[in-house]
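Here are my notes for your review. Please read them with the chain open beside you.

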Amino acid sequence: TLGLSAYTPKNLQVKVLDGNIGYIRIHDWMDRRLTAKLRDALVRFDKDKVKTWIIDLRGNPGGFATAAPMSLFLQDGVALRARGRDGVVADEQASGALLPALKPLEILVDDGSASMSEMFALSLQEQGVAHLVGTKTDGCIGRTFVAGNGDGSGLAVTRDTVLGPVTSVELNGIGVTPDEVVERTVDDIVAGRDPQLEAAIAHLNSLTGQ
């Protein structure tokens with residue numbers, strides 16, 4: 001019998017693509033140490049002479065909602081903005097845990113990118129530090145508390161709705177629209193093609209003159 005570890009992917013998939021592009025795929029945000037792991041991976045890229053970054057959030061359903069991952073990329077300003085059930089808007093500022101050196105950043109999203117993935121992408125898009133490629137995200141942009149009922153069921157209560165940190169736009173039920181909309185069809189997947197990744201690479205190359 002296969003154990004869980006035999007078919008569960010590592011939460012972070014890290015590799016260097018041709019052209020010295022650092023690629024990280026985040027499968028979910030359920031690891032409370034994810035920010036530290038993401039930081040370590042990005043810092044290690046410098047040893048490989050990586051010039052640009054791609055963070056792939058496609059199919060990432062979310063997890064723990066926190067401003068910590070955004071703070072790796074933000075010098076200052078609002079990293080996360082949310083409106084509570086009482087209508088009060090609260091901001092979480094960038095923590096100051098900025099990476100030593102920032103690189104041009106692409107974020108890949110699709111309709112399977114939800115919750116914390118949408119918050120991360122929206123924050124860095126509005127703050128002008130990332131270019132989003134792919135298709136509109138799921139539109140589940142809120143923070144939810146789940147209380148167990150003791151019988152295996154649970155009651156989910158949405159505590160707040162996350163807004164654009166700059167525009168205060170509400171995208172819950174709507175989703176985040178990429179800067180560059182690129183579809184990836186079933187035929188593409190079967191054939192091993194990834195036009196979304198290719199578009200992100202092309203945009204990075206246009207920035208670096210390659």
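1. S1 and S2 run antiparallel and are joined by six bridges. Leu12 has Ile26 of S2 as its bridge partner. Val14 stands opposite Ile24 in S2. Three residues lie between the two strands of this hairpin, where Gly19 takes a positive phi near 90 degrees. Note that this is a predicted model, and the points below should be read that way.

2. The sheet is open and has six strands, in the order S1-S2-S3-S6-S7-S10. Its pairing is mixed. S1 and S10 stand at the edges with a single partner strand each, so one side of each has no neighbour in the sheet. As a reminder, strands of a sheet pair through backbone hydrogen bonds, either parallel or antiparallel.

3. Does the length of H6 agree with its residue count, or disagree? What span should its residues give? Helix H6 covers residues 195-208, which is 14 residues. At 1.5 Å a residue these should span 20 Å, and the end C-alpha atoms are 20 Å apart, so the two agree.

4. Which residues of H6 are buried? They are Gln196, Leu197, Ala199, Ala200 and Leu204. These residues cover an arc of only 160 degrees around the axis, which puts them on the same side of H6. Glu198 and Ser206, on the other side of H6, are exposed. The general rule is worth recalling: an α-helix has 3.6 residues a turn, so residues three or four places apart point the same way.

5. What covers the buried residues of H6? The cover includes strands S1 (12-17), S2 (21-26) and S3 (52-56). It also includes S6 (105-109), S7 (131-134) and S10 (180-181). Just after H6, Gly209 takes a positive phi of about 75 degrees.

6. The largest nonpolar core has 37 residues. Those with the most contacts inside it are Ile26, Met70, Phe73, Ile107, Phe120 and Leu124. The elements giving two or more residues to this core are S2, H2, S3, S4 (78-84), S6 and H4 (116-126). H4 gives the most, with six residues. Ile26 thus deserves a second look: this core residue is also the bridge partner of Leu12.

7. Met70 is worth inspecting in detail. Not counting residues up to four places away in sequence, Met70 touches Ala79, Leu80, Met116, Met119, Phe120, Ser123 and Leu124. Apart from the largest core lies another, of eleven residues. Leu17, Ile54, Leu108 and Val182 are among them.

8. How many salt bridges does the structure hold? There are eight. One of them is formed by Asp46 and Lys103, with the closest N and O atoms 2.8 Å apart. This pair links distant parts of the chain, 57 residues apart. Asp46 lies in the loop between H2 (34-45) and S3. Lys103 lies in the loop between S5 (89-93) and S6. Asp46 counts as partly exposed, at 37% relative accessibility.

9. Asp56, Arg58, Arg184 and Asp194 are linked in a network of salt bridges. Asp56 and Arg58 meet at 2.8 Å, N to O. Asp56 counts as buried, at 0% relative accessibility. Arg58 is buried too, with a relative accessible area of 6%.

10. In that network, Arg184 and Asp194 also meet in a salt bridge, at 3.9 Å, N to O. The pair links distant parts of the chain, ten residues apart. Arg184 is in the loop between S10 and H5 (186-191), and Asp194 is in the loop between H5 and H6. Is each partner buried or partly exposed? Arg184 is partly exposed, with a relative accessible area of 31%. Asp194 counts as buried, at 13% relative accessibility.

11. Last, check Gly63. Gly63 lies in the loop between S3 and H3 (68-71). At 27% relative accessibility, Gly63 counts as partly exposed. Its C-alpha atom is separated by 4.3 Å from that of Trp29, 34 residues apart along the chain. Leaving aside neighbours within four places in sequence, Gly63 is in contact with Trp29, Met30, Ser115 and Met116. Met116 is also among the residues that Met70 touches.

Note on methods
Residues numbered from 1 in each chain as written. Predicted model: local features only at pLDDT ≥ 70, side-chain atom pairs only at ≥ 80, totals over all residues. Heavy atoms only, no water. Helix = DSSP H or I, 4+ residues; strand = E, 2+ residues; numbered from the N terminus. Expected span 1.5 Å × (residues − 1). Buried < 20%, exposed > 50% of the residue type's maximum accessible area, 1.4 Å probe, protein only. Arc of directions from axis to C-beta. Contact = heavy atoms within 4.5 Å. Pairing = 2+ DSSP bridges. Salt bridge = Lys/Arg side-chain N within 4 Å of Asp/Glu carboxyl O. Core = buried A, V, L, I, M, F, W, Y, C linked by side-chain atoms within 4.5 Å.
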